[in-house]
Amino acid sequence: MDNSGKSVVITGAAQGIGLACAERFAADGAKVVLADIQADKGEAAAQALRDAGGEAMFVTCDVGDRGQVEALVERTVEAYGGLDVMISNAALLHPADILELEEADFDRVVRVNLKGFFLTGQAAAKRMVAQGRGGAIINMSSIQAYITNANLLAYAVCKGGVKQLTVAMALGLAPHGIRVNAIGPGSISTDMVMQLISSEEARRTVMSRTPAGRLGTPAEIAAVAAFLASDEASYITGETVVADGGRLGLNYVVPVAE
C-alpha cells in the first residue's frame, strides 16, 4: 500500500478517526493536509506530525461552507502541487428522538454530515479532473447507514446519504480515473463513541452486539483508508467497506464479560 508522495486532504482531522488517518498517511510518506474547525487542536496535530518527520500542515475549514472548502483545495495545491486523495470525515452528532429533534439541529447535522461530503468531494473531483491523473475520494460513512438507533436519526440519515453519494460519485467520476469509496466503521474508540457509552449499561449494550468483543481503534479504520487510497485498490470503486467487528452480520446478542 504505497501512498508515499501523494497529497492527501483529511477533514475532521483534529482528533479521532481523522487524526488517525493523518498519522497513518504521514507515516507512509504522504503529504498531509489536516482540515478542521478546531484550530488549536489541528495546529498541534500537524506540528506533532512534522516533529515525527512527516510532511503536514493544518487548514481551518468548515466543510459546510463552499468557499472554505474551495480554499482548502487551493491551499493544498499551492503547498503540495496537487491533490491525490480526499478523505471526507468531518461529522457531528446530535442524539435526539424523532419527537424531540429540532429542525435547526437536523439542518445543522445535515449541513456538515451530508452537504459537507458533497462539497468536499465535488471540489476534490474538479481538481483531480483538471490534473488529469485520477485520484481517490474516501467518504467516512458508518454502519448507521444500514442499522441505527432511534435517537441517532439525523446522523443515520446522513450516513445513509453518504453511502449512496459514494455510489453516485463513483459512477460519475469513473471515466476520469477517480475512484470513490466509503468506510463504514462500527463502534470505534473515539471521543464521540466514548461519550455514548459512558455508563456501564451502555458499554454492555454495545459489547453485546459486537462479536469481536471490543471496540475498534481509529488506527484500524485508518488502515482501511490507506488501502482504499492505494493502487492495491485500483479496481474498487463505489463500495462501502464495513469495519465493525462483525456487528452487521449479527442477529443475536453475545455474552459480555463481567
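1. Starting with the β2/β3 pair: strand β2 (residues 31-36) is joined to β3 by six bridges, and the two run parallel. Within that pairing, Val-33 sits opposite Met-57 of β3. Strands here are DSSP runs of E, at least two residues, and helices are runs of H or I, at least four, numbered from the N terminus; two strands pair if DSSP finds at least two bridges between them.

2. A word on provenance: this is a predicted model, with local features needing pLDDT of at least 70 and side-chain atom pairs counting only at pLDDT 80 or more, while totals for chains, interfaces and linings use all residues. Numbering runs from 1 along each chain as its sequence is written, and side-chain values use heavy atoms, leaving out hydrogens and water.

3. Zooming out, the open sheet has seven strands, ordered β3-β2-β1-β4-β5-β6-β7, with parallel pairing. Its edges are β3 (55-60) and β7 (240-243), each pairing on one side only.

4. Now for Asp-244, in the segment after β7. What is the nearest side chain of opposite charge? That's Arg-247, 6.2 Å away, and Asp-244 has no salt bridge although buried. Buried means under 20% relative accessible area (1.4 Å probe, protein chains only); a salt bridge needs a side-chain nitrogen of Lys or Arg within 4 Å of a carboxyl oxygen of Asp or Glu.

5. Backbone nitrogens do turn up around Asp-244: its side chain reaches that of Gly-246 at 2.9 Å, and a polar atom of the Asp-244 side chain lies 2.7 Å from that of Leu-248.

Technical notes:
Buried < 20%, exposed > 50% of the residue type's maximum accessible area, 1.4 Å probe, protein only. Lys, Arg positive; Asp, Glu negative; His and termini not counted. Polar contact = N/O pair within 3.5 Å; in protein donor to acceptor, adjacent residues only side chain to side chain.
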